[in-house]
Amino acid sequence: VLLTSGFTDTAATKSTPLQFKANLMSKPYTLADLAQRIRAMLEGAGQKGKRRRRERRRQSPNYSYGWSDSMGIGLEAMDEDHKALLDAIGRSQLLIESGTLDEYRDLLNEMKKYIRPHFSREEALMVAIDYPGRENHAEVHRMFSRQVELMSRQLEGGELISAELLNFLLDWWTEHIQTMDRAYTTYCEGKEAVIEAALLELADGANQ
């Protein structure tokens with residue numbers, strides 16, 4: 001089931017089942033976004049979906065979730081972080097049928113290392129541009145971090161289904177990066193110097 005809401009950030013709570021969090025689209029979205037999500041869900045269901053994934057891997061060593069310029073939000077520092085997430089999505093796709101416990105553990109550990117600096121940079125940027133939605137955005141970051149920690153515990157307890165990991169990462173990609181992250185880009189116009197200074201200050205602080 002694919003759910004949609006204009007209040008995605010508050011609709012999911014700690015007690016919400018993982019499958020609902022993974023299949024919750026926030027409004028507004030384009031027809032192309034909706035079509036992509038439906039296709040991903042259909043291809044992930046049943047033996048037919050498994051055969052398609054095997055066929056894709058035989059045809060090309062590349063992930064089906066490749067980066068394109070249209071995915072960027074126009075901020076190089078943020079887009080580089082987003083490319084790293086997309087790479088993780090692609091590798092989780094390849095792990096669905098034959099991934100080992102260690103491979104999934106490595107992927108989730110990589111996600112943890114990815115999100116800490118990325119969220120710090122993004123939140124520093126939003127403070128610098130005085131983005132009015134930064135508190136709500138930061139709360140979504142915290143929710144994502146909690147979900148990754150939960151998945152780590154589920155993995156160790158043998159409860160994590162590989163397809164759920166892929167759906168969760170796809171949800172984050174399509175919903176957060178392509179909607180919430182795009183929302184603050186309009187506030188960045190004409191503030192390039194302020195943004196660069198904020199990111200440099202954050203980097204200097206991390207290196208001290």
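# Exercises on a predicted model

**Exercise 1. Check whether the length of helix H7 agrees or disagrees with its residue count.**

Solution. The model is predicted.
- Helix H7 covers residues 134–156, which is 23 residues.
- The expected span is 1.5 Å times one less than the number of residues.
- That rule gives 33 Å for H7.
- The end C-alpha atoms of H7 are 34 Å apart, so the two values agree.

**Exercise 2. Find the buried residues of H7, and say what follows the helix.**

Solution.
- Buried means under 20% relative accessible area.
- In H7 the residues that pass are His137, Ala138, Val140, His141, Phe144, Gln147, Val148, Met151, Ser152, Gln154 and Leu155.
- Just after H7 comes glycine 158, with a positive phi of about 75°.

**Exercise 3. Place H7 in the whole protein: how many helices and strands are there, and in what order do the elements run?**

Solution.
- The protein has nine helices and two strands.
- From the N terminus, the order is β-α-α-β-α-α-α-α-α-α-α.
- Of its 208 residues, 41% count as buried.

**Exercise 4. Which elements have the highest and lowest mean pLDDT?**

Solution.
- H7 has the highest mean, 88.
- Helix H4, residues 46–59, has the lowest, 47.
- Over residues 56–63, pLDDT stays under 50.
- For that stretch the model has eleven contacts beyond four places in sequence.
- The protein as a whole averages 77, and 78% of the residues score at least 70.

**Exercise 5. Compare the salt bridges of glutamate 80 and aspartate 81.**

Solution.
- Side chains of opposite charge can pair when their charged atoms come close.
- Glutamate 80 meets lysine 83, at 3.2 Å from N to O.
- Both lie in helix H5, residues 76–95; they are three residues apart, so about one helical turn separates them.
- Glutamate 80 is partly exposed, because its relative accessibility is 42%.
- Lysine 83 is partly exposed too, at 32%.
- Aspartate 81 meets arginine 121, at 2.7 Å from N to O.
- Aspartate 81 is in H5 and arginine 121 in helix H6, residues 101–128, so this pair ties together parts 40 residues apart in sequence.
- Aspartate 81 is buried, at 9% relative accessible area, whereas arginine 121 is partly exposed at 25%.

**Exercise 6. Trace the salt-bridge network that includes Asp102.**

Solution.
- Start with aspartate 102 and arginine 105: their closest N and O atoms are 2.5 Å apart.
- Both lie in H6, three residues apart, about one turn of the helix.
- Aspartate 102 is partly exposed at 48%, and arginine 105 is partly exposed at 25%.
- Now add Glu156, which is linked with Asp102 and Arg105 in a network of salt bridges.

Key. Residues are numbered from 1 along each chain as its sequence is written. This is a predicted model: local features need pLDDT of at least 70, side-chain atom pairs count only at pLDDT 80 or more; totals for chains, interfaces and linings use all residues. Side-chain values use heavy atoms; hydrogens and water are left out. Helices (H or I, at least four residues) and strands (E, at least two) are DSSP runs, numbered from the N terminus. Buried means under 20% relative accessible area, exposed over 50%, partly exposed in between (1.4 Å probe, protein chains only). pLDDT is the predictor's confidence in each residue, from 0 to 100. Contact means heavy atoms within 4.5 Å. A salt bridge is a side-chain nitrogen of Lys or Arg within 4 Å of a carboxyl oxygen of Asp or Glu.
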